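Open the model in your viewer and follow the stops below in order. Each stop gives a selection and then what is found there.

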Amino acid sequence: MPAIHTRALSHSFGPTKAVDALDLEVAEGEIFGLVGPDGAGKTTTMRMLTGILPPTSGTATVAGYDVVRQAEPLKAHVGYMSQRFGLYPDLTVLENIRFYADIYGVTARERAERLDQLLGFSNLTPFKQRLAGNLSGGMKQKLGLACALIHTPRVLFLDEPTNGVDPVSRRDFWRILYQLVRDGVTIFVSTAYLDEAERCNRLALLHAGRLLGLGTPDEVKQLMPGALLEVRVPAPRAAAAVLRGALTNATVGLFGDRLHVAARDAAATEARVRQLLRDAGIELLSLHPIEPSLEDVFVAVLANQKAAS
């Protein structure tokens, strides 16, 4: 039985469809990523899967429990860390974890062993007497994770857990997630960081509540239509404006000092790019095909969907 299973899962807020007929299947013991920009429907999906928000239509089971008919017993088997996790700044690290242990009904015998384990693997032991309000952003996220894990959930839901966290803390946080998977926990994580999505076993691309792609990171990259060209010029913003204005059958993205041009006909597009830059008096430093990133794929798939609608 899959850890998470949805069929045509939907939720509307008045006339707005936040999640539209979502079909997902997540295996036990994998890290599954829900990827998309703000407003894509990620948080609404998680709230439905944790039994907090009833779906408008469709069905879902998590850890074998129906999210509507069995919402209360489901909560004993899932952990949920929302974007604004409810830590209490005037309580210490240890007091916060104990508070959540009380909420989940963890027995005194279970919590003694679990506390030491959670403090140790999150590297919070030296800070267990520090007030949560005095922790750094990364340490607050680790504390939030420890609180969500105190009752040993089978499925862990994390809603953009590393948003606003520094790169080192993000790396440490993912190290902890990999350890949880080795211990048999299924992790369902949402993120707007497409480089971070590469760390997931499988992922779903979500936009405006609809599923755009599903599979391993490598499988999702196969959704890229045509080829991707990398263009290096001294004036990338000016070049991007020129190319976007003239290339009707290609997608142009600005990535630092480089441009990424996605096109179905790579040879013809390359010749056209060279001509356009030459006519605009913009020096071309280099132009060659590259492997797409997930961000490239998402931008290209979204552009194709808009063009088809």
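A residue counts as buried under 20% relative accessible area, as exposed over 50%, and as partly exposed in between. Bear in mind throughout that this is a predicted model.

**Stop 1: Tyr88 and its patch**

Select Tyr88. Is this residue buried or exposed, or something in between? With a relative accessible area of 37%, Tyr88 falls between the two cut-offs and is therefore partly exposed. Its place in the chain is the loop between β6 (78–81) and α3 (93–103). Now add Phe99 and Ile103 to the selection: together with Tyr88 they make a nonpolar surface patch of about 280 Å².

**Stop 2: the whole chain**

Zoom out and show the protein chain as a cartoon. Eleven helices and 14 strands can be picked out. The C-alpha trace spans about 75 × 45 × 35 Å along its principal axes. Of the 309 residues, 50% count as buried. Switch to a surface: the chain exposes about 14,600 Å², and carbon and sulfur atoms supply 50% of that area. Among contacts with a separation of 6 or more, 70% are between residues 24 or more positions apart. Colour by charge next; the mean positions of the 33 positive and 33 negative charges are 2 Å apart.

**Stop 3: two backbone angles**

Most residues other than glycine have a negative phi. Select Ala8, which has a positive phi of about 50° although it is not a glycine. Ala8 is found in strand β1 (residues 4–13), and its relative accessibility of 35% makes it partly exposed.

Move on to Glu160, where phi is also positive, about 45°, again in a residue that is not a glycine. Glu160 sits in the loop between β7 (155–159) and α6 (167–182). Its relative accessible area is 9%, so Glu160 counts as buried.

**Stop 4: Thr45**

Select Thr45 in helix α1 (residues 42–49). This residue is buried, with a relative accessible area of 0%. Which residues does Thr45 touch, not counting those up to four places away in sequence? Display Val19, Leu22, Leu34 and Leu206 to see these contacts.

**Stop 5: salt bridges**

Side chains of opposite charge can pair when their charged atoms come close. A search of the whole structure finds 15 salt bridges; three pairs are visited here.

- Select Lys17 and Asp20, whose side chains meet at 3.3 Å, N to O. Lys17 is partly exposed at 45% relative accessible area, whereas Asp20 counts as buried at 15%. Add Arg210 to show the network of salt bridges that links Lys17, Asp20 and Arg210.
- Select Arg171 and Asp172, which form a salt bridge with the closest N and O atoms 3.7 Å apart. Asp172 is at 19% relative accessibility and so counts as buried, while Arg171, at 48%, counts as partly exposed.
- Select Glu230 and Arg258, joined by a salt bridge of 3.5 Å, N to O. This pair links distant parts of the chain, 28 residues apart: Glu230 is in strand β11 (residues 227–232) and Arg258 in strand β13 (residues 258–263). Glu230 is buried, with a relative accessible area of 12%, and Arg258 is partly exposed, with 28%.

Methods:
Residues are numbered from 1 along each chain as its sequence is written. This is a predicted model: local features need pLDDT of at least 70, side-chain atom pairs count only at pLDDT 80 or more; totals for chains, interfaces and linings use all residues. Side-chain values use heavy atoms; hydrogens and water are left out. Patches are made of residues with over 30% relative accessible area and no salt bridge: like charges are joined within 9 Å, nonpolar side chains (Val, Leu, Ile, Met, Phe, Trp, Tyr) within 5 Å. Accessible areas come from the Shrake-Rupley method with a 1.4 Å probe; for residues, only the protein chains shown count as cover. A salt bridge is a side-chain nitrogen of Lys or Arg within 4 Å of a carboxyl oxygen of Asp or Glu. Helices (H or I, at least four residues) and strands (E, at least two) are DSSP runs, numbered from the N terminus. Buried means under 20% relative accessible area, exposed over 50%, partly exposed in between (1.4 Å probe, protein chains only). Contact means heavy atoms within 4.5 Å. Lys and Arg count as positive and Asp and Glu as negative; His and the chain ends are not counted. The place of a charge is taken as NZ of Lys, CZ of Arg, CG of Asp or CD of Glu.
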